[in-house]
Amino acid sequence: MRHFITLTAALIATVATAEQPALHPVESYCATYQVGGINKGEFTTCQRQHGHERFEIWDTTMGFGPFKKKDQRHIIYRGAWVFTNDGTKATRTKNPIYEQLVEQMQSVTPEDIQQRFMNAMQYDPTGEFKKVGDVDCEVNRSAATGSVCLTDDGIMAEQEVMGQWQRITLLEKGISGDESLYDPEAWPMTIADGPDIGKVLQRLKGMNTQGQ
């Protein structure tokens, strides 16, 4: 669940051009989060070009007691591709709904996109406002997926899903992080193709149809 918000956001990541719409109200920012639950540690994420390009750096430990596993990843979202480096291998995976999402967003504002995402995840505003670290946010809840606290310009300050949580500890607007952190070619390893998510989804859809 630790990538619940971020992986959903990855589905709308793209490389910016003059013709493409903003995907987030904030042009650029970097944020660091503390992570708790079964998975503990922290992650940092930065974006630029209104969310058209993003990266995440995770440094967490999953498990409990003697059953623990270190999880260190660098994930880059560029265009129709998601690049992942876990320290031992690097892969790229194609976003199966990239073109459809870009087309749908041509005539909407970043605020509209934010609201559509909240509706799709079945989040409703509670009217409760709180401060997470030094960041003010509004709490939204969903019976199915837990809660998320967002700033007035759409930045996640806190998220809780099934006992797993993420809380912001540092927010810097107007910066986008080091250029090399957006470039998978900077990794000292060969990038292999990952699984074809589009085909996997098609198979699952076919299995569901057969089971009906």
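Which residues do ring pairs link into a cluster? In this predicted model, the members of the cluster are Tyr33, Phe43 and Trp58. A good place to start, then, is with the aromatic side chains, before turning to the sheet and to the charges that sit over rings.

The count of aromatic pairs comes to three. A pair of aromatic rings is described by the distance of the centres and the angle of the planes. For tyrosine 33 and phenylalanine 43, the ring centres are 4.8 Å apart and the planes meet at 10°. Planes under 30 degrees apart count as stacked, so this pair, at 10°, is stacked. The two partners come from distant parts of the chain, with tyrosine 33 in strand β1 (residues 29-36) and phenylalanine 43 in strand β2 (residues 39-48), 10 residues apart. Both rings belong to buried residues: the relative accessible area is 2% for tyrosine 33 and 1% for phenylalanine 43.

A further aromatic pair, formed by phenylalanine 55 and tyrosine 182, is edge-to-face, with 4.9 Å from centre to centre and 85° between the planes. This pair also links distant parts of the chain, as 127 residues separate phenylalanine 55, in strand β3 (residues 53-64), from tyrosine 182, in the loop between β11 and β12. Phenylalanine 55 and tyrosine 182 are both buried.

The strands that carry several of these residues can now be placed in their sheet. The sheet is open and consists of 12 strands with mixed pairing, in the order β7-β8-β9-β10-β11-β1-β2-β3-β4-β5-β6-β12. At its edges stand β7 (124-132) and β12 (191-193); each has a single partner strand, so one side of each is left without a neighbour in the sheet. On average, and with direction ignored, neighbouring strands of this sheet are turned by 20° against each other.

Within this order, strand β10 (residues 156-161) and strand β11 (residues 164-173) run antiparallel and are joined by four bridges. Here glutamate 158 stands opposite arginine 167 of β11. Arginine 167 also takes part in a contact with a ring: it lies over the face of tryptophan 165, at 4.0 Å from the ring centre. Another arginine is placed over a tryptophan as well, with the charged end of arginine 92 sitting over the ring of tryptophan 81, 4.1 Å from its centre.

Definitions and conventions. Residues numbered from 1 in each chain as written. Predicted model: local features only at pLDDT ≥ 70, side-chain atom pairs only at ≥ 80, totals over all residues. Heavy atoms only, no water. Pairing = 2+ DSSP bridges. Helix = DSSP H or I, 4+ residues; strand = E, 2+ residues; numbered from the N terminus. Axes fitted to C-alpha atoms, helices over the stretch in contact; angles between N-to-C directions. Phe/Tyr/Trp six-rings, centres within 6.5 Å; stacked < 30°, edge-to-face > 60°. Buried < 20%, exposed > 50% of the residue type's maximum accessible area, 1.4 Å probe, protein only. Lys NZ or Arg CZ within 6 Å of the ring centre and 35° of its normal.
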